[in-house]
Amino acid sequence: MKKIVALFLVLILIFTTLISCNSSNKSNNSVTGDSNSTTDPNATAAPGETTTERIDPNLPSEDYGGYTFTFLSHQENSDDWYQPDPREITAQIDDSTGQEIETGDPINDAVYKRNATLEDKYNISFKLVTKPDEKTELSKTVKAGDAVYDAVMMFNNNIPGIVPADLLTDVSKLTYVDLSKPWWDPAVNSMSIEHKNYLLGGDLLILDNEATNALVFNKDLMASLGMDLPYNLVTQGKWTMDVLNQYVKGSSSDLNGDGQMKPDDDRWGFVTFNDTLHALLVSGGGTLALKDDNDIPYMTLTTDRNLSVISKAMDIMYNKQDVLNIQSDISTPGTANVNWFNSYYNAFQNNRALFEWVRMRVVDKFRGMDANFGIIPLPKFDENQANYYSVVNPYTGVLLGVPKSVQDLDRTSVILEAMAAESRYTLQPAYYDIVLQRKYTRDDESQQMLDIIFNSRVYDIGAVYSFGNVFLDFIALCNKSNTDVASYYDKKSATMQAAIDKLVKLIDTME
């Protein structure tokens with residue numbers, strides 16, 4: 001009997017240990033930064049896909065008496081955009097009734113459904129006001145104490161002029177905004193300073209998805225060149241900068257036989273912008289800046305690992321025989337040129353580019369292509385890097401804030417939390433499942449790639465704030481194929497640090 005009891009106790013101990021190990025494995029199965037990477041581990045975004053199990057926000061029942069909840073947003077009139085106004089706040093307005101309507105467009109109708117649900121629940125309506133310069137409009141209204149706007153959508157490159165100007169409310173004061181919920185993007189944590197956070201991102205937005213960097217490749221062209229599609233390399237963790245370089249080298253062709261490689265006539269292995277240099281730095285596990293234990297930014301550009309990543313990125317981008325950099329090879333540095341975009345789109349659409357760097361918004365331009373194309377993340381530095389990283393472009397990315405002039409923060413936080421939560425089950429499925437997976441991509445593998453891309457979003461605080469103009473100066477190295485990053489940093493490091501010190505000093509004075 002004693003032997004039986006002893007055996008029983010041993011079995012219980014083994015069973016308990018197995019459960020404990022399994023639980024530990026599950027709890028540690030989150031995406032974190034690489035031990036040999038400088039990318040902020042807090043910069044990992046929530047999954048692109050929405051879960052089937054609905055989670056409801058913990059919010060009070062309120063009747064806001066017909067209140068109009070008003071968003072201020074940028075207005076973008078560039079050809080490189082869907083439409084001047086963002087699509088995620090209000091549905092199309094009927095001119096005769098002034099009411100939102102369904103149109104059959106997945107994004108529009110998802111916004112209509114979400115807004116109708118919340119309007120009924122809280123007795124509110126939604127309004128969107130767009131301005132070509134949302135920064136100036138926000139500053140004017142906040143300084144006047146005008147509470148006309150309840151929330152603001154900002155281009156990332158306007159954030160350095162908005163946050164330090166004390167125009168936004170610290171997110172910690174938004175009582176009902178629960179950042180632990182899956183509809184808020186934890187990648188935005190990398191944008192806090194001294195543990196003060198004025199910015200929000202997540203399922204309420206789609207322009208953050210649209211600004212996420214990726215690569216598209218021409219499947220038909222790849223097949224004609226006898227190349228294997230890179231999907232398996234991605235899923236096996238073997239999609240690296242060296243591998244991308246192997247694909248690109250030798251894949252160009254002087255199609256018109258004039259002995260010269262011309263942007264609009266010949267075939268290219270890789271079509272890029274200057275921004276691609278930064279995108280590759282981040283995909284290789286680096287950033288321009290990180291934050292210390294006190295949540296204060298510091299520059300990381302010239303760490304040994306970053307310099308190794310940059311060296312490989314430049315080896316790819318400075319290959320003038322196979323790589324077309326739209327900005328450095330076509331335009332005059334520092335000037336705008338519409339031919340950038342014409343050459344950029346045409347190269348891929350006309351089957352003259354094997355790979356092209358994109359922000360996800362650009363993929364819409366290729367819907368009408370006859371050739372098949374795929375989408376993959378930008379490559380890792382090497383196979384030792386645990387994760388892929390996809391930077392949100394500092395120019396075209398968008399984040400959300402609450403103006404400091406808002407008088408009823410509880411009401412604002414309830415509505416924002418409700419909008420974000422409801423968007424997870426309306427707006428995001430429409431964008432992710434319908435628009436991207438069914439309209440744009442043409443194979444099952446690309447759908448899997450989208451999961452990887454959106455699961456790996458990164459905001460680089462050094463690029464968004466561009467301390468000492470570091471972002472623009474860094475990518476401008478491409479204009480002259482300059483590889484001497486260390487010398488550039490030595491010349492500008494004091495200016496960068498002064499910009500950080502100034503920002504931190506301003507944040508210190510803010511409530």
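Colleague: How much of the protein chain counts as buried?

Modeller: In this predicted model, 55% of the 511 residues of the protein chain count as buried.

Colleague: And how many helices and strands does the chain have?

Modeller: There are 18 helices and 13 strands in the protein chain. Among the contacts with a separation of 6 or more, 78% come from residues 24 or more positions apart.

Colleague: Let's go inside. Which residues touch the most other members of the largest nonpolar core?

Modeller: Trp 239, Tyr 344 and Phe 355 do, in a core of 121 residues. Helix H18, residues 485-509, supplies the largest share of this core, with eight residues. There is also a second, separate core of 33 residues, and its members include Leu 59, Phe 71, Leu 118 and Val 414.

Colleague: What is Tyr 344 in contact with, leaving aside its neighbours in sequence?

Modeller: Beyond four places in sequence, Tyr 344 is in contact with Val 271, Phe 273, Ile 326, Glu 356, Trp 357, Val 358 and Val 362.

Colleague: I clicked on Ile 310. Is it buried or exposed?

Modeller: Ile 310 is buried, because its relative accessible area is 2%, and the cut-off for buried is under 20%. Ile 310 belongs to helix H10, residues 304-317.

Colleague: Which residues does Ile 310 touch, not counting those up to four places away?

Modeller: Those are Leu 281, Leu 301, Phe 474 and Val 485. As for His 278, its C-alpha is 8.6 Å from that of Ile 310, with the two positions 32 residues apart in sequence numbering.

Colleague: New topic, the sheets. In what order do the four strands of the open sheet come?

Modeller: The order is S2-S1-S3-S12, and the pairing is mixed. Strand S2 (124-131) and strand S12 (398-401) are at the edges with a single partner strand each, so each has one side without a neighbour in the sheet. From one strand to the next, the twist averages 20 degrees.

Colleague: How many bridges join S3 to S12?

Modeller: Four bridges join them, and strand S3, residues 151-155, runs antiparallel to S12. Within that pair, Phe 155 is opposite Val 398, while Met 154 is opposite Leu 399.

Colleague: S12 is an edge strand, so what about its faces? Which residues of S12 are buried on each side?

Modeller: Val 398 and Leu 400 are buried on one side, and Leu 399 and Gly 401 are buried on the other, so both faces of S12 are covered.

Colleague: Which strands does helix H13 lie across?

Modeller: H13, residues 409-424, lies across S1, S2, S3 and S12, at about 70 degrees to S1. Helix H3 lies across strand S1 (67-74), S2 and S3, and runs at about 135 degrees to S1.

Colleague: Staying with H3, what's the nearest side chain of opposite charge to Glu 134?

Modeller: That is Lys 135, at 8.3 Å; Glu 134 is buried and has no salt bridge. Glu 134 is in H3, which covers residues 134-143. Beyond four places in sequence, Glu 134 touches Leu 72, Ser 73, His 74, Met 153, Met 154, Phe 155 and Asn 158.

Colleague: What about the open sheet of five strands, what order is that one in?

Modeller: That sheet reads S8-S5-S9-S4-S10, with mixed pairing. Its edges are strand S8 (323-325) and strand S10 (373-376); each has a single partner strand, so one side of each lacks a neighbour in the sheet. Direction ignored, neighbouring strands here are turned by 20 degrees against each other on average.

Colleague: How do S4 and S10 pair, parallel or antiparallel?

Modeller: Antiparallel, over four bridges, with strand S4 covering residues 213-218. Phe 217 has Gly 374 in S10 as its bridge partner. Helix H15, residues 444-455, lies across S4 and S10 at about 25 degrees to S10.

Colleague: Last one, the loops. Where is Asn 351?

Modeller: Asn 351 is in the loop between helix H12 (339-349) and strand S9 (353-359). Its phi is positive, near 60 degrees, and it is a residue other than glycine. Asn 351 counts as partly exposed, at 35% relative accessibility.

Colleague: And what is the phi of Ser 481?

Modeller: Ser 481 has a positive phi of about 50 degrees, although it is not a glycine. Ser 481 is in the loop between helix H17 (470-476) and H18, and counts as partly exposed at 27% relative accessibility.

Technical notes:
Residues are numbered from 1 along each chain as its sequence is written. This is a predicted model: local features need pLDDT of at least 70, side-chain atom pairs count only at pLDDT 80 or more; totals for chains, interfaces and linings use all residues. Side-chain values use heavy atoms; hydrogens and water are left out. A nonpolar core is a set of buried Ala, Val, Leu, Ile, Met, Phe, Trp, Tyr and Cys residues joined through side-chain atoms within 4.5 Å. Buried means under 20% relative accessible area, exposed over 50%, partly exposed in between (1.4 Å probe, protein chains only). Helices (H or I, at least four residues) and strands (E, at least two) are DSSP runs, numbered from the N terminus. Contact means heavy atoms within 4.5 Å. Lys and Arg count as positive and Asp and Glu as negative; His and the chain ends are not counted. A salt bridge is a side-chain nitrogen of Lys or Arg within 4 Å of a carboxyl oxygen of Asp or Glu. Two strands pair if DSSP finds at least two bridges between them. Axes are lines fitted to C-alpha atoms, for helices over the stretch in contact, and angles run from 0 to 180 degrees between N-to-C directions.
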